[in-house]
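Trainee: Could we go through this model together, with the reasons behind each label?
Mentor: Gladly; have a look at it here.

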Amino acid sequence: MKRQLSHIALAASLLLVGCASAPTANPKDPWEPMNRSVARFNDKVDDNVLKPVATGYRNVVPDLIQTGVRNVFNNLSDMWSTVNNLLQLKPINTAESLGRVVVNTVFGIYGIFDVATYLKLERHPEDFGQTLGYWGVPNGPYLVLPLFGPSTLRDGASLPVDFAVSPTQYISDIPTRNEVFVLRLVSKRAELLKSGNMLEEASIDKYSFTRDAYLQYRRSQIYDGNPPDEEDSNDDPSANPAANPAPAK
Amino acid sequence: MQYLSFTPNRWLRLMVGAMLILGVLTSTFAADDTPEAFIKRLSGDVIDAIKTDKSLAAGDINKIIVLVDQKVMPSVNFLRMTASAVGPSWRQATPEQQKRLQEEFKTLLVRTYSGALSQFNDQTILIKPVRAAPDDKEVVVRTEVRGKGDPIQLDYRVEKAADAPAGWRIYNLNVMGVWLVDNYRSQFAQEINAKGVDGLIASLADRNKSNAAKPQGK
């Protein structure tokens with residue numbers, strides 16, 4: 001029994017090593033080959049389905065309704081942000097998020113109108129992955145999820161929690177629930193349409209550009225936009241070290 | 001005796017020296033701004049230009065590129081940005097390669113930045129107070145672009161530069177928590193590992209060519 005277990009453990013660790021060992025692998029992205037194929041799949045889905053649908057939505061649906069839809073979904077995620085702000089022991093952000101939800105649900109008619117923003121109550125979006133990050137759970141490897149795109153092991157694993165508590169989960173009619181989910185996706189994608197192919201145009205390898213941007217972005221979110229410097233982000237290789245000795249820090 | 005006879009001469013030299021130092025100091029002070037004031041004026045200039053010129057506001061990318069070249073680039077340390085994005089391989093590159101890298105990277109960034117500017121319409125820029133000692137040579141200036149929807153974080157790393165128009169130069173840019181220069185590092189390294197510095201230059205040139213070929217101003 002014991003030997004069997006150790007065999008299984010050995011096989012499992014070999015499997016992991018086998019997955020992880022591309023010679024020039026980025027330490028943050030050991031699953032790069034798999035991630036790249038999922039990213040290609042996502043791009044195909046986006047080009048052929050999501051982007052055309054979102055473009056149609058943007059062009060056909062009146063602006064006022066688009067804004068209303070966006071506000072309702074934002075209101076739903078503000079509810080979850082309230083809980084996550086509380087879990088991160090941020091009293092002011094918790095109060096503001098809660099205030100937003102109450103004001104928008106009552107005076108904004110189920111969140112259709114974003115009254116709270118006029119009252120200078122700012123959004124403090126927090127999800128469960130951020131809460132875990134706040135309490136020190138590391139990212140783990142970068143992970144590209146089918147349909148959902150860039151993520152990490154930690155964020156991917158906490159996504160089911162975000163979904164499970166979403167109020168839209170409590171719509172009992174399943175086709176309606178699915179329609180609401182699709183509407184949320186399309187509305188989100190339509191917001192991103194105006195940035196066009198920025199990621200593609202700004203990079204020579206869209207995959208690694210997206211990955212590095214996502215990892216920096218999440219890190220910044222976890223530190224509420226104010227992360228400590230990473231070790232070498234300040235260096236200046238253009239300076240000639242002999243002529244220009246580094247100032248003592 | 002010799003010492004005495006040279007006295008007026010020495011004094012004159014001292015005077016000229018002192019005047020020179022004073023001159024340099026005053027001109028430095030004249031050009032010296034706080035980093036906030038520098039960023040505020042720079043972004044104000046660009047936004048005013050976009051608001052007053054209709055073709056700029058309509059998103060004419062070529063005109064925006066000219067604007068960025070004239071107004072923004074003199075206040076950017078592009079050598080440092082490129083070197084930092086290229087990383088350790090920068091010092092191995094020949095001066096010619098370094099020059100080409102700077103040119104291609106600049107074309108790429110100016111175009112991307114101009115594309116972002118073309119989306120600009122009724123937003124305002126809020127400059128947050130800088131937390132730094134007065135004699136700091138490198139400072140982070142935090143700003144927020146406010147308009148419809150959630151505010152967008154836009155931060156600058158600036159360095160003191162006596163020869164720059166406002167006494168400061170930008171050497172990195174942060175959009176929504178993503179430092180731009182840092183974000184190029186791993187793909188540049190990846191390209192250099194696979195195809196060398198010339199390979200990276202070629203890839204950048206290709207990207208710029210295909211960007212330029214695309215229809216603009218939608």
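Mentor: What follows is a set of questions about how the labels come about.
Mentor: This is a predicted model, in which local features need pLDDT of at least 70, side-chain atom pairs count only at pLDDT 80 or more, and totals for chains, interfaces and linings use all residues. Residues are numbered from 1 along each chain as its sequence is written, while chains are lettered from A and ligands numbered from 1 in the order in which they are written.

Trainee: What makes A:R154, A:D155 and A:S158 of helix 7 of chain A buried?
Mentor: A residue is buried if 20 or more other C-beta atoms, placed from the backbone, lie within 10 Å of its own; with 12 or fewer it is exposed, and in between partly exposed. A:R154, A:D155 and A:S158 count as buried, so each has 20 or more such neighbours. The buried residues of helix 7 pack against helix 6 (128-134), strand 2 (149-152) and helix 10 of chain A.

Trainee: How do you know that helix 7 of chain A has a kink at A:L159?
Mentor: The bend at a residue is the angle between axes fitted to the seven residues ending there and the seven starting there. At A:L159 there is a kink of about 25 degrees, shortly before the proline A:P160.

Trainee: Why do strand 1 and strand 2 of chain A count as paired?
Mentor: Pairing requires that DSSP finds at least two bridges between the strands. Strand 1 (residues 142-145) and strand 2 have four bridges and run antiparallel, so they pair. One of the bridges links A:L143 to A:S151. In the hairpin, three residues lie between the strands, and A:L147 takes a positive phi near 70 degrees.

Trainee: What makes a run of residues a helix or a strand?
Mentor: Helices (H or I, at least four residues) and strands (E, at least two) are DSSP runs, numbered from the N terminus. By that rule chain B has eight helices and five strands, in the order α-α-α-α-α-α-α-β-β-β-β-β-α.

Trainee: Where does the pLDDT of chain A stay under 50?
Mentor: pLDDT is the predictor's confidence in each residue, from 0 to 100. Chain A averages 84, and 83% of the residues score at least 70. Over residues 8-21 of chain A, however, the pLDDT is below 50, and over residues 241-249 of chain A it stays under 50.

Trainee: How many residues does each chain bring to the contact between chain A and chain B?
Mentor: Chain A brings 26 residues and chain B 31. On the side of chain A, helix 10 gives the most, with eight residues.

Terms used
Two residues are in contact if their C-beta atoms, placed from the backbone, lie within 7 Å.
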